[in-house]
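Hi,

Here is the structure I promised to pass on. Have a look, and my notes follow underneath.

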Amino acid sequence: LHDALPILVPKGDNDQIKVLFMTASPKNLSTLDVNKESNNVKTESFGKDLFIDIYPHVDKDGMIDAVSHLQPQIIHYSGHGRTGGLETIDHATGNAATLKTAYLSEMFALFAEIGVKCVVLNSCWSASQAKAISEQGIPVVGMLRPIKDEVAIKFSKDFYRLLVSNNPLERIFKLVRLKMEDDSKAIPSLWFNGKRIA
């Protein structure tokens with residue numbers, strides 16, 4: 001599927017994992033409980049070498065600024081998505097503003113240079129974006145079809161609970177997927193170098 005070497009969980013200074021957890025729930029789309037998801041993940045990080053920085057109501061400029069200043073190893077996006085892009089916030093209206101796949105590829109090419117080494121797109125129809133971003137040589141989680149809010153929340157909680165387990169990233173992903181209900185296991189996918197690896 002890919003090079004035989006395992007993909008390790010990226011770590012920064014002092015072996016700490018820095019995660020930029022960005023959320024968006026535009027007012028003209030169905031409401032997502034992104035606060036519950038981010039709070040669960042924040043709680044999961046207590047007492048661990050896991051630093052979660054939450055950025056709510058994110059727009060494209062805020063995304064660029066936050067990554068540039070915080071320089072996380074992992075970017076997590078929680079919000080609406082569609083096959084053509086991610087739905088962030090237009091701060092002038094509070095409505096959805098689509099970040100198209102081509103733009104995301106350009107953005108994450110620069111983010112990879114800053115030090116981003118893993119991306120989690122916890123949003124509907126995000127597999128095509130995951131595939132494109134993974135071409136930068138970083139592993140990316142994306143969803144192959146719509147994912148229910150409560151399923152997405154549990155996925156995030158389980159993912160970050162296992163992130164500090166000293167397992168390779170691919171195994172962590174598979175273990176998290178194993179914990180999902182049968183009708184949801186086929187939704188998450190893991191991509192690397194433009195190919196699906198799990």
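Gly79 is buried, at a relative accessible area of 6% (buried means under 20% relative accessible area, exposed over 50%, and partly exposed in between, with a 1.4 Å probe and protein chains only). Gly79 sits in strand 3; helices (H or I, at least four residues) and strands (E, at least two) are DSSP runs, numbered from the N terminus. If you skip the neighbours within four places in sequence, Gly79 is in contact with Ala24, Leu32, Asn122, Ser123 and Cys124, where contact means heavy atoms within 4.5 Å. Asn40 is 39 residues from Gly79 along the chain, and their C-alpha atoms are separated by 15 Å.

Before you read on, a word on what this is: a predicted model, in which local features need pLDDT of at least 70 and side-chain atom pairs count only at pLDDT 80 or more, while totals for chains, interfaces and linings use all residues. Residues are numbered from 1 along each chain as its sequence is written, and side-chain values use heavy atoms, with hydrogens and water left out.

Now the overall picture. The protein has 6 helices and 10 strands. For its 198 residues, a compact globule would have a radius of gyration near 16 Å, and the protein's 15 Å agrees with that (taken over C-alpha atoms, the rule being 2.2 Å times the number of residues to the power 0.38). The C-alpha trace spans about 45 × 40 × 35 Å along the principal axes. Buried residues account for 51% of the 198. Of the contacts with a separation of 6 or more, 68% join residues 24 or more positions apart.

On the surface, about 9300 Å² is exposed, and carbon and sulfur atoms supply 50% of that (Shrake-Rupley method with a 1.4 Å probe; for residues, only the protein chains shown count as cover). As for charge, there are 23 positive and 23 negative side chains, and the centres of the two sets lie 6 Å apart. Lys and Arg count as positive and Asp and Glu as negative, leaving out His and the chain ends; each charge is placed at NZ of Lys, CZ of Arg, CG of Asp or CD of Glu.

Helix 3 (residues 101-114) is worth a look. Its 14 residues should span 20 Å at 1.5 Å a residue, and its end C-alpha atoms are indeed 20 Å apart (the expected span is 1.5 Å times one less than the number of residues). Its buried residues include Thr101, Leu104, Met107 and Phe111. The buried residues of helix 3 pack against several elements, among them helix 2 (60-70), strand 3 (74-79), strand 7 (118-122) and helix 4 (127-134). Just after helix 3, Gly115 takes a positive phi of about 130°.

Two other backbone spots caught my eye. Most residues other than glycine have a negative phi. Trp125, in the loop between strand 7 and helix 4, has a positive phi near 55°, and is partly exposed at 36% relative accessible area. Asn193, in the loop between strand 9 (188-192) and strand 10 (195-196), also has a positive phi near 55° and is partly exposed at 41%.

Lastly, Gly94 is in the loop between strand 5 and strand 6. Its contacts beyond four places in sequence are Pro26, Lys27 and Ile89. Ser25 is 69 residues from Gly94 along the chain, with 8.9 Å between their C-alpha atoms.

Cheers
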